[in-house]
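Reader: I have a model to look at. I want to know how its terms are earned.
Author: Ask away, and we will set each value against its rule.

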Amino acid sequence: MKVDVLLGLQWGDEGKGKVVDVLTPKYDVIARFQGGPNAGHTLEFNNIKHVLHNIPSGIFHKDKVNIIGNGVVLDPIIFKKEVDELEAKGVDLTKNLIISKKAHLILPTHRILDAASEASKGKSKIGSTLKGIGPTYMDKTGRNGLRVGDLLTDFDQKYLTLKNKHQELLNMYDFEYNIDEFEEGLKEGIECIKKFTLVDSEHQINNYLKTEKSVLAEGAQGTLLDIDFGSYPFVTSSNTICAGACTGLGVAPNRIGEVFGIFKAYCTRVGSGPFPTELFDATGEQLRKSGNEFGATTGRPRRCGWLDMVALKYSVMINGVTQLIMMKADVLSNFDTVRVATAYKINGETVKDFPYELPENMEVEYTEFKGWAKDLTDVTSKEEFPKELTDYIKYIEKEVGVPIKIVSVGPDRKQTIIM
Ligand code: GDP
Ligand code: IMO
Ligand code: MG
């Protein structure tokens, strides 16, 4: 068996949570491979909305194994909150949630360091979710980090040593903080993690594959936030791309099967950094309003703009996407025209390959489509799509060279059209 991977092709929030939940019945195991509680994955069914941060989006289906992989960074305090909320909803987690002992821990001082670093950057701040992601991955690659497995041995001593080191680092910043506030709930969080099955999940996942069990790897963030290929430095601190599923779960590249690349029919971004097709006018406001574009983790309004084919083709290339999934087609209903970026113009030169940097003064070339006036939220098959939407889909498929296999027309599980 192979591991199929579902990942974001834009700047995150494409709708990964919804689609993982929709696809879960086809799989035995769902595994998160990177990121941490900077993610906010939304699912909706039976008129209830759920937002997940650490826990894989397969958790609402009984008898499926959900794994938090070694590439994830886990905050005990946020994790416990999420567990409590799910248990209050009657979801039994201890039976079907497994955590890698190699996943790194986000400590209270990582969150403080994140805040101090952002504050010191002033106008050039990343726009981090302030969940301590950057400092935790820095400690991982700097070989100082603490892992879930450490909770089973001499955690207290290691914690004190690292906390002292962080406090020395914090002295370099002009930043006031109250450590007690950040540490509140840490002990309970740690006890909560220890209730779960903690394993070397790479063995577990490879054994599943050997015994013909199917695995879906769930990405967080998106390709344009990837630490290597995103719009650096305005990125997150992990490999959000398909290769991240190999390192974040311990599966070999030749074990990767389908790569589901998910994108919105337009674009959004939260936080700072370049966004070539961003709209600053009433159209952008209309997208934000119709799409309810406010962050699932921080509540921040998302920046909105048109679909960007230069960026989309780049993301498809980096990930080896085999199937596309287009989200939020319903949000584009009632626009007279829908635009798509086809090229950038940088210093007078037409650029079609996603460049090293996206300069502020760049221009964008667009092609225009006639919009569709039809409400899509009750549509149940592609035959009911207005011609204008079908043309839009065909254009994207032709340009990218990959078929669109799912079109999403609303936030609910049911509002999903299999093509
Ligand atoms: P994720 O981080 O990729 O899982 O995406 P988020 O959950 O952060 O953001 C996607 C948002 O769009 C959530 O509020 C979803 O409920 C919502 N959503 C997902 N698919 C659709 C869709 O097809 N149409 C509309 N209108 N909303 C959608
Ligand atoms: P999901 O999984 C959208 C953005 C932040 C910021 C940058 C760095 O829900 O798609 P970080 O906290 O990682 O240091 O922030 O990345 N960001 C996201 N944007 N969706 C996410 O996750 C994101 N996770 C981080 O806004 O610009
Ligand atoms: Mg999100």
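Reader: Which strand supplies the largest share of the lining of the second largest pocket?
Author: First, a caution: this is a predicted model. The strand is β3, with 4 residues of that lining. β3 spans 41-45. At least two lining residues also come from each of α1 (16-23) and β4 (48-52).

Reader: What makes a residue part of the lining?
Author: A lining residue has an atom within 4 Å of a point of the space. For the second largest pocket, 28 residues line the space. Among them, Thr42, Gly291, Arg302, Lys328 and Pro411 lie nearest its centre. The space itself comes to about 560 Å³.

Reader: What is the make-up of that lining by class?
Author: The lining of the second largest pocket has 7 nonpolar, 11 polar and 10 charged residues.

Reader: Why is the contact between threonine 236 and ligand 2 called polar?
Author: The cut-off is 3.5 Å between N or O atoms. An N or O atom in the side chain of threonine 236 is 2.6 Å from an oxygen atom of ligand 2. That is within the cut-off, so the pair counts as a polar contact. Serine 128 also reaches an oxygen atom of ligand 2 through its side chain, at 3.3 Å. With glycine 40, a backbone N or O atom lies 2.9 Å from an oxygen atom of the ligand.

Reader: How much of ligand 2 does the protein cover?
Author: On its own, ligand 2 has 550 Å² of accessible area, and the protein covers 97% of that.

Reader: Which residues come nearest to ligand 2?
Author: Asp13, Lys16, His41, Thr129 and Thr236 do, out of 21 residues around the ligand. By class, this shell holds 8 nonpolar, 10 polar and 3 charged residues.

Reader: Why is one space called a cavity and another a pocket?
Author: In a cavity the probe fits but cannot get out, whereas a pocket is open. The count comes to 1 cavity of 30 Å³ or more. The largest cavity holds about 50 Å³ of space, so this value passes the 30 Å³ mark.

Reader: What lines the largest cavity?
Author: His50, Val51, Leu52, Phe60, Glu82, Glu85, Leu86 and Lys89 do. β4 and α2 (76-88) each supply at least two of the lining residues. By class, there are 4 nonpolar, 1 polar and 3 charged residues.

Notes. Residues numbered from 1 in each chain as written. Chains lettered and ligands numbered in written order. Predicted model: local features only at pLDDT ≥ 70, side-chain atom pairs only at ≥ 80, totals over all residues. Heavy atoms only, no water. 1 Å grid on protein atoms, 1.4 Å probe; cavity = no way out; pocket = protein on both sides within 12 Å on 5 of 7 lines; lining within 4 Å. Points joined across faces, edges and corners; volume = space filled by probe spheres on them. Nonpolar A, V, L, I, M, F, W, Y, C, P; charged D, E, K, R; others polar. Near = heavy atom within 4 Å. Polar contact = N/O pair within 3.5 Å; in protein donor to acceptor, adjacent residues only side chain to side chain. Areas by Shrake-Rupley, 256 points an atom, 1.4 Å probe, with all protein chains shown as cover.
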